[in-house]
Amino acid sequence: MSPLLTSLMAFAIIFAGCFIGVFIRNAVPEHHLSADTKDVVRLGTGLIGTIAGLVLGLLISSANGTYDTQSAQVKQVIAGIVLLDRTLALYGPEAESARKLLRQTVGTLADRFWRENGSDPAKTAPFVESASAVSLYDEILKMKPGTEAQRLLQAKALDATTDLAKTRLLLFARAGRSIPVPFLVVLISWLTIIFASFSLFAEHNATSIAALCIFALSASGALFLILELSQPFTGLMMISEEPLRNALAPLGS
């Protein structure tokens, strides 16, 4: 389920809590809504609100950390690809076939990044090396250096290829990770209870209902932000794939 749809459902449930509070207020006898009862409900709501606020803050921080980490890893891949291409260019004309393979690999790499990391965690397939990446490594390994400088450049190219593979595996290991559904259910339940308590003792008029609607929208907006940031390769806040696809200029340009 998309973050937007999940957030809209959360908004509907949280805002429905306001009407639950209205229903309870109309259903219970008047003496059950005494000042002592209000104090008990407000103390309990304050406790749940504090817990929910802490959880929301921690989730936003964690989701933002996930987004920043994966964005940095993509930038690291881009830098590694450019470095590898420059290393092969310095090697000489003998590395032209490896450079052509590298350009073919970039498109495949981008496709797999955004497909695997944007997929449902239950549908994430086991990791399989791409044929183009294997061919690139083999092509670099086959190069016959004639000088000490070329031997050094070949070793650096192999190291760069290995570093790219490690970063690729790190991104794959995080593919499909999202907030567990039971966690979201509990958090939405807390928010629903809080909004039900708001309407339990509030005066029912257009202003209070409009205010509660805005508050519920803000709470569901926080959930949307968390879900969006925790899935950097899909959605409205998706990391752009253009810098990776355009990292290398065509040969001969």
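1. A disulfide is a pair of cysteine sulfur atoms within 2.5 Å, and that cut-off settles the cysteine question in this structure, which is a predicted model. The sulfur of Cys18 lies 8.4 Å from the closest cysteine sulfur, in Cys213, and is therefore too far for a bond. By this rule the count comes to zero disulfides. Cys213 is likewise in no disulfide, its nearest cysteine sulfur being that of Cys18. As for their surroundings, Cys18 is buried, with a relative accessible area of 5%, whereas Cys213 is partly exposed at 27%.

2. The second point concerns helix H2, which runs over residues 35-91 and has 57 residues. From its first C-alpha to its last, H2 reaches 83 Å, close to the 84 Å expected at 1.5 Å a residue. After H2 comes Gly92, whose phi is positive, near 125°.

3. Which residues have the most contacts inside the largest nonpolar core? They are Ile81, Leu84, Leu88, Phe113, Trp114, Ile140 and Leu244, in a core that has 55 residues. Helices H1 (3-27), H2, H3 (96-117), H4 (131-142), H5 (148-173), H6 (181-201) and H7 (206-229) each supply at least two residues of this core. The most is given by H2, with 13 residues.

4. Trp114, named above among the core residues with the most contacts, deserves a closer look in the viewer. Leaving aside residues up to four places away in sequence, Trp114 touches Val74, Phe233, Met238, Ile239, Ser240, Glu241 and Leu244. Leu244 is thus a contact of Trp114, and Leu244 is itself listed with the residues that have the most contacts inside the core.

5. On charged pairs, the structure holds seven salt bridges. Side chains of opposite charge can pair when their charged atoms come close. In one of these bridges, Arg245 is joined to Asp111, the closest N and O atoms being 2.4 Å apart. This pair links distant parts of the chain, since Arg245 is in helix H8 (residues 242-245) and Asp111 in helix H3, 134 residues apart. Both partners retain some access to solvent by the computed areas: Arg245 counts as partly exposed at 30% relative accessibility, and Asp111 is partly exposed at 38%.

6. A second salt bridge is formed by Arg151 and Glu148, with the closest N and O atoms 3.2 Å apart. Why are these two residues separated by about one helical turn? The reason is that Arg151 and Glu148 are three residues apart in helix H5. Arg151 counts as partly exposed at 40% relative accessibility, while Glu148 counts as exposed at 56%.

7. The side chains of Arg86 and Asp85 meet in a further salt bridge, at 3.3 Å from N to O. Is Asp85 buried or exposed? At 3% relative accessibility, Asp85 counts as buried, whereas Arg86 is partly exposed, with a relative accessible area of 45%. Both residues belong to a network of salt bridges that links Asp85, Arg86, Glu96, Arg99 and Arg103.

8. Helix H7 has 24 residues and reaches 34 Å from its first C-alpha to its last, close to the 34 Å expected at 1.5 Å a residue. At the start of H7, a side-chain oxygen of Asn205 reaches to within 3.2 Å of the backbone nitrogen of Thr207. The buried residues of H7 include Ser208, Leu212, Ala216, Ala219, Ser220 and Ala222, and among them are also Leu223, Phe224, Ile226, Leu227, Glu228 and Leu229. What covers these buried residues includes H1, H2 and H6.

9. The last point is Trp190, which is found in helix H6 and is partly exposed, with a relative accessible area of 26%. Which residues does Trp190 touch, not counting residues up to four places away in sequence? They are Ile48, Ile51, Ala52 and Val55. Glu228, one of the buried residues of H7, is 38 residues from Trp190 in sequence and 21 Å from Trp190 in space, C-alpha to C-alpha.

Note on methods. Residues numbered from 1 in each chain as written. Predicted model: local features only at pLDDT ≥ 70, side-chain atom pairs only at ≥ 80, totals over all residues. Heavy atoms only, no water. Helix = DSSP H or I, 4+ residues; strand = E, 2+ residues; numbered from the N terminus. Expected span 1.5 Å × (residues − 1). Core = buried A, V, L, I, M, F, W, Y, C linked by side-chain atoms within 4.5 Å. Buried < 20%, exposed > 50% of the residue type's maximum accessible area, 1.4 Å probe, protein only. Contact = heavy atoms within 4.5 Å. Salt bridge = Lys/Arg side-chain N within 4 Å of Asp/Glu carboxyl O. Polar contact = N/O pair within 3.5 Å; in protein donor to acceptor, adjacent residues only side chain to side chain.
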